Amino acid sequence: MIIENEYPPYFEWLLAAGINPGALWIWLLTVFCLLVVGLLASFIVLTARHGPAKAGDLIFKALAGVANDVVHTSPRRVYALARLAVQEAIRRRVLVGFMLFILILLFAGWFLDPGRTDPAKLYLSFVINATSYLVLFLALVLSAFSLPADLQNKTIYTIVTKPVRPAEVVLGRTLGFAAVCTGLLVVMGVLSYAFVVRTLDHTHSLTADDLAPKAPTENGTVPPNRTGTTARHRHEVKSDQIKRLAEEGQAVTETEQGHYHEITAVTRDGVTEYRLGPPLGQLKARVPVRGTLSFRDRGGKPAEKGINVGNEWMYHSYIEGGTPAAGIWRFSGVTRDHFPNGVVLEMAIRVFRSFKGVVDQPILGSITLRNPDTRVEHLLENFQAKEYAVDQHLVPLELDNLEDPQGPKIDLFGELVSSDGELEVEIRCLERAQFYGLAQPSVYLLRREGTPWVNFAKGYVAIWLQMVLVTAFGVMWSTFLNGPVALLATLGSMVGGFFVTFLQSLALNRSLGGGTFESLIRIGQQKNLTEQLEQNFTSAVAVGLDKVTRIPLFVVSRVLPNLRELNDVQYVADGYDISADLLAIHLTTGLGYFIPVLLLGFLFFKLREVAK
Amino acid sequence: MMQSQAVALEAPPGAAQPTGTDVIIETRNLSKIYRDFWGRQKVRALKALDLEVRRGEIFGLLGPNGSGKTTTIKLLLGLLFPTSGQALVFGKDASDVTKNERIGYLPEESYLYRFLNAEETLDFYGRLFDMPPEVRRQRTADLIHLVKLDWAKRRQLKEYSKGMTRRIGLAQALINDPELIVLDEPTTGLDPIGCREMKDLILELRDRGKTVLMCSHLLADVQDVCDRIAILHQGELKELGRVDSLLKIRDVTEIRASGLSDAAKEEIKSVIARHSGQLVSMDNPTSTLEELFLSIVQDSEARPGRRARVEQ
Amino acid sequence: MNRASFIRKLIYLLLILALLVPLSYFSQPATVAVGNQPNAGDHAGGKLARMRAEYGISQANLGEIDPAGETIKLATLGLRGVAANLLWEKANTAKMKEDWEGVQATLDQLAKLEPHFISVWRYQAWNVSYNIAVEFDDYHQRYFWIKEGIKYLQRGSRYNELEPRLIYDVGLFTAHKIGVADEKHQYRELFRIDDDEEFPDHNRQLRSQDRRDNWLVGQEYFEKAIALVEDRGASIHAMNPFLFFSQPAMCQIDYAIALAEDGVFEEKGRVAWTDADDRWMKFGLRDMPTSDNLIIHLAEFEAVQERKAKAIEDLDALAPDLRDKMVAEKRNKLSPEEQAALNTPLASRTEQEHQLAADASMRMLVRHDEFADRVDEAHRTKARELASEATRLEILASVIQRDRDVVNFNYWRNRCKMEKTEPALEARRLMHQAKADYDEARLAQARQKYEDAFKHWRKTIDEFPMFVDDAVGGDAIPEALAGYADVLKQLDEPFPRDFVLKDVLFAAMRRNPMALPLDYLRASFEDAPPGPEMPRGQP
């Protein structure tokens, strides 16, 4: 699978390791900067109105008030308010949203094409995305309209005239709506999983005719033996499996669309029938041990990267075949405990041919294992590159000694893995002027197969996190904006959160075609992104305006949560376990936004007049 | 039957006098200016109000619509922030939420959550006072009984009539057994019987030693129950004082009687004439508070800026 | 019952009914039998249905309405353009990031959103078949993605029944993407055994094994596209009509060539080439409208030339010697420099003189109307008629010539005529067999077959001398020549000096010297063309 931003282990991420400065420090710095700027700005504004002494007093009182509120928050009151929010949400027919979800699932068949190369991925990402959009939308509407509605109906009067602290009102709302959405999310999750499993379930027909040898075509090609078509695909049954079926009554089909079936032959009254089992291997949650990748260039010297074969996307780095160039992964934590039956190596590499070569022959490569301490090497095998598929290679506990077939076997953990559980895996391409494209996540050791539904649930945690953040933003904005405006502001925060990367590229002027105003001119003049703008007054003004807007854009892009990063659909859809580290990182990130947003909400609500 | 003064107060059992001198509510130079979105001054809703409400009295804020009485209440409750001046409740600033522990507030209309039923409503507000469950249950039951809603306690508030809503609103205001009860237009929308009951209840509360601050534009309410009133007009305090003394200012005597013969009437006339008075009317009388009120309004419009003669 | 409320309800009902009338006028569906065969009870449908038919955007028939597409369109609340733009961007990003499933899914959504936006279908199908397919290393996967692009086009043409360009593209991809690739051998074989039920809907079951050829299937699609234009008046927009209408015949030619490459000769080859010849000639006789508002027939160039010559001849006959006289007059009017330039022999003219001479020649041309004006009065009317006829034919001939070049008409006409002859078929068959013999190291047989083949080829070349140097005819002849040379080399024999195809060999040596053992050949031929000059610095 493609992982463009790999995270280090949790504590390294949090507290710094290597070039990574540590998320906590960045967070503290950002909060500090915002605090300083916010205080300065309010001080200036208030000084202009009331003079410096009063201004300082007001700011101090506001902050002290918030602090005091936070300290005196009563769980019972928060609970009461949260419960009220839940009741309100139910009153305001969140069920409609839920029905919508059921409807989407019912009619998902319209939108989804089961004939795709990887239906499991398609279905999983569909349900997760559908749930996520629906829940986010719900969170958005619930949170943005609630407080304004209370203010509008003046029901808030009876609340704030009780010993309720503004912070409790904000917190209660946030928690209440989050709870509602959580409940919905759980139900949707269960339904979604059932939907995916149910929809993917199918079997194929298989008759004796299907298994009978086929007549070759004019050109001598023998068509393969295949099962009947279901869900727009069929599986090949290879001749060795047909033989096995005849001998043992058991066989398996080839993998198609990411799954295979077991075949059982049942002979009754002299007639043999073939039955196919349910699809196997479709939903996965591979738990990988990932390594760090380094390269060797064609001269055999260590290099940071391979070469670029001219792709716009720099994800894969290429090594040249027939030269010493190689990609070397170093894995740690390779222990007998984790791999009692040998190490399973999985890889997904890209191939780039500088000439066509032999069209029907894949490009050959080699896998070499090395002990990083003793530098003892062992050629595991030469392989044929398979693209866009997970290619599995087993490293047994005892390896044949290729140099001396009669000699003693090589002990994997004794000789190839270092004493502290480190192992190097080297991938090389063996054909001259052909290339392999590698990236750090391309090769990993498969520690075990996790439970798919657990992973699915973990994927939902990410949605949950997004939902909580949207709720917090919604409540925060609604503390001082009216309903529709709060909705827009929240929607803005949300959309901004999904496009943080784009906002950053705008803010840092890395976006092709310039900023907002320049783009506007380009659209008007129908100029493409790279064309030079005419040097005139209008374009100068536009470029100037873009320069000015970059500053607020920079702040916004630094302040908004990157909602897309918080999404782990891809892991679930591609069948990889969401690691505890990743989950912890996401949760911490979420908390890092949740608390400041909540505090802002407290402050705003405290500073506003409840009545009009 | 003849009365020397026109106040139709049936003196309640118990003292009409304030029971103490300690001050529950105090406003000092309290002003409120409403501003529009751009910060421009829109309305001067309240101009330098100085008030004191003492423990155990029923204090009425009286004024026509837009006179600033609701603004005063909102300022006292911390729903609005004063533009200048100070509002103190129990000696604490109005923005301090802890004061709310001892306050019960019945807003102008009962702004309650219509999807809750009476029990849930009271339970919810009880929680907001951080009451333990058993206390909550007890208070809820007591109050529902007090406002006579036992028969409808499981019904959602959206099914309640206006009077019932008012009553449950009052119940929620009393959930914490408050020392100070703030009532905003307590009798609006109530039928005559409801009105009477509400007034009785207010008096009963005063008798239990509560302090009541109410505002109303209905003179009868104020006249019936208040010990002291303040009359506001256009954000300014026009009159402040005990209801009886305020109304005593007018040297008008109204005579109401029944079963008099023409001769008797003549006789009364002659008595008046003897005391060098004039018979004004012997018809249905108008409320004198209303007259006072109207004269203040006229006076205020003729000479804006005249402040109240504060009588203690 | 409350009377007022009853009346109100009655009014509502009437209003609803009143609204239903225009609704029915607008949206009454057309009832057309399957296969678009008009029936007696058919109805053209309401206004909307008729407009849909008129613009050719009918969503197929009732019951085939695409609910997903309609839902998506509704869900965008009028922001369809923006949504389509976003999806386009998303598809591009997915393509860049090699997320091919993402590309597929996005393209599906895009198509559902904008089903009548022809460029989306064409551009993205091309993207899938040509740009995404090559990203895969395994040719099976490449073939799969080529097919995906074709299926995308087919889906598009279901939404846009009257759009010949989409069907044309299906034909183009099926024929050319599969038939002209480096791995065409593999692709064509995969195509032959492909039993994908959705691709292309060419009724696999009904089609004989013989007809399961990408060129023939492509040809069918081209014919369908043409039928749309001819029968239903669809527009081919900015496409070149000569390319458009030549495709079925061209497919037949490519099919015949592919058969030879696959080693299929004899009857099947002859039939293929004969059919190709027929189709090409039919294409040549087709009424083709040109941008000059003429209707031309590509095959009639020679006839036109002849008629033009005849007209000029007749014109000259009306006033013998007049032409010479006029030329002489015009020549005399030239400036001395121009005359000098004309008198200088062509080879030794300077650039300036070339220019002068060219201008002078232009001015010395005798226009037909000029000529006619000077004919005796008695014949002048006749002369003017002839002159205008000659001018018209001259223009016609030049237009035909220009449009012939678009499809290389002449070459393919001759090629078809040549390939269907017995000697050509025999020569190709023998060359193929000789190669097989050579690959199996049966050198003597290979040599014999090559020599027989060359004899047959000699006959062919004598009949069609334009193929001495066939720059387009593929590698078969140079390959055979190289193979023959290799056989002789291995037999340690010199290349025969009296080689029967010496002219063809020399042409091949000139054009493609790298494919031939030049040194070996030069040993036998002193007069062989010189080899290419090697670029310096390369091995």
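This section describes the chain contacts, helices, salt bridges, aromatic pairs and surface of a predicted model.

Two pairs of chains touch, and of these the pair formed by chains A and B has the most contacts. Chains B and C, by contrast, do not touch, and their nearest C-alpha atoms are separated by 26 Å. Chain B has 312 residues, of which 48% count as buried. Its secondary structure comprises nine helices and eleven strands. Among the contacts in chain B with a separation of 6 or more, 72% come from residues that are 24 or more positions apart. The area exposed by chain B is about 15100 Å², and carbon and sulfur atoms supply 50% of that area.

In chain A, helix α2 covers residues 23–50. Its 28 residues should span 40 Å at 1.5 Å a residue, and the C-alpha atoms at its ends are 39 Å apart, so the expected and computed spans agree. Just after this helix, A:G51 adopts a positive phi of about 90 degrees.

In chain C, helix α1 runs over residues 3–27 and contains C:L20. This leucine has a relative accessible area of 41% and is therefore partly exposed, since that class lies between the 20% limit for buried and the 50% limit for exposed residues. C:L20 also belongs to a nonpolar surface patch of about 1100 Å². Other members of the patch include C:F6, C:I7, C:L10, C:I11, C:Y12 and C:L23.

Over all chains, the count of salt bridges comes to 93. One of them links C:E183 to A:K356, with the closest N and O atoms 3.0 Å apart. C:E183 is located in the loop between α8 (164–179) and α9 (184–193) of chain C, whereas A:K356 is located in the loop between β10 (350–353) and β11 (364–370) of chain A, so this pair joins two chains. The two partners fall into separate accessibility classes: C:E183 is buried, at a relative accessible area of 2%, while A:K356 is partly exposed, at 36%.

A salt bridge within chain A brings together the side chains of A:D577 and A:K458, at an N to O distance of 3.0 Å. A:D577 lies in the loop between α18 (569–574) and α19 (580–607), and A:K458 lies in helix α13 (residues 452–478), so the pair ties together parts of chain A that are 119 residues apart in sequence. Both A:D577 and A:K458 are buried.

The side chains of A:R370 and A:E377 likewise meet in a salt bridge, at 2.9 Å from N to O. Here the arginine, A:R370, is buried with a relative accessible area of 4%, and the glutamate, A:E377, is partly exposed with a value of 48%. Both residues take part in a network of salt bridges that also links A:R296, A:R330, A:R375, A:E422, A:E424 and A:E426.

A search for aromatic pairs over all chains finds 46 in the whole structure. The rings of A:Y10 and A:F11 have centres 5.0 Å apart and planes at 75 degrees, so they form an edge-to-face pair. Within this pair, A:Y10 is buried, with a relative accessible area of 16%, whereas A:F11 is exposed, with a relative accessible area of 58%. A stacked arrangement is provided by C:W126 and C:Y130, whose rings lie 3.7 Å centre to centre with 0 degrees between the planes. These two residues are both in helix α6 (residues 118–132) of chain C, and their separation of four residues corresponds to about one turn of the helix. C:W126 is partly exposed at 38% relative accessibility, and C:Y130 is buried at 17%. Elsewhere in chain C, one aromatic cluster is formed by C:Y450, C:F454, C:Y484, C:F495, C:F499, C:F506, C:Y520 and C:F525.

How values were computed: Residues are numbered from 1 along each chain as its sequence is written. Chains are lettered from A and ligands numbered from 1 in the order in which they are written. This is a predicted model: local features need pLDDT of at least 70, side-chain atom pairs count only at pLDDT 80 or more; totals for chains, interfaces and linings use all residues. Side-chain values use heavy atoms; hydrogens and water are left out. Contact means heavy atoms within 4.5 Å. Patches are made of residues with over 30% relative accessible area and no salt bridge: like charges are joined within 9 Å, nonpolar side chains (Val, Leu, Ile, Met, Phe, Trp, Tyr) within 5 Å. Accessible areas come from the Shrake-Rupley method with a 1.4 Å probe; for residues, only the protein chains shown count as cover. A salt bridge is a side-chain nitrogen of Lys or Arg within 4 Å of a carboxyl oxygen of Asp or Glu. Buried means under 20% relative accessible area, exposed over 50%, partly exposed in between (1.4 Å probe, protein chains only). The expected span of a helix is 1.5 Å times one less than its number of residues. Rings of Phe, Tyr and Trp (its six-membered ring) pair if their centres lie within 6.5 Å; planes under 30 degrees apart count as stacked, over 60 as edge-to-face and the rest as tilted.
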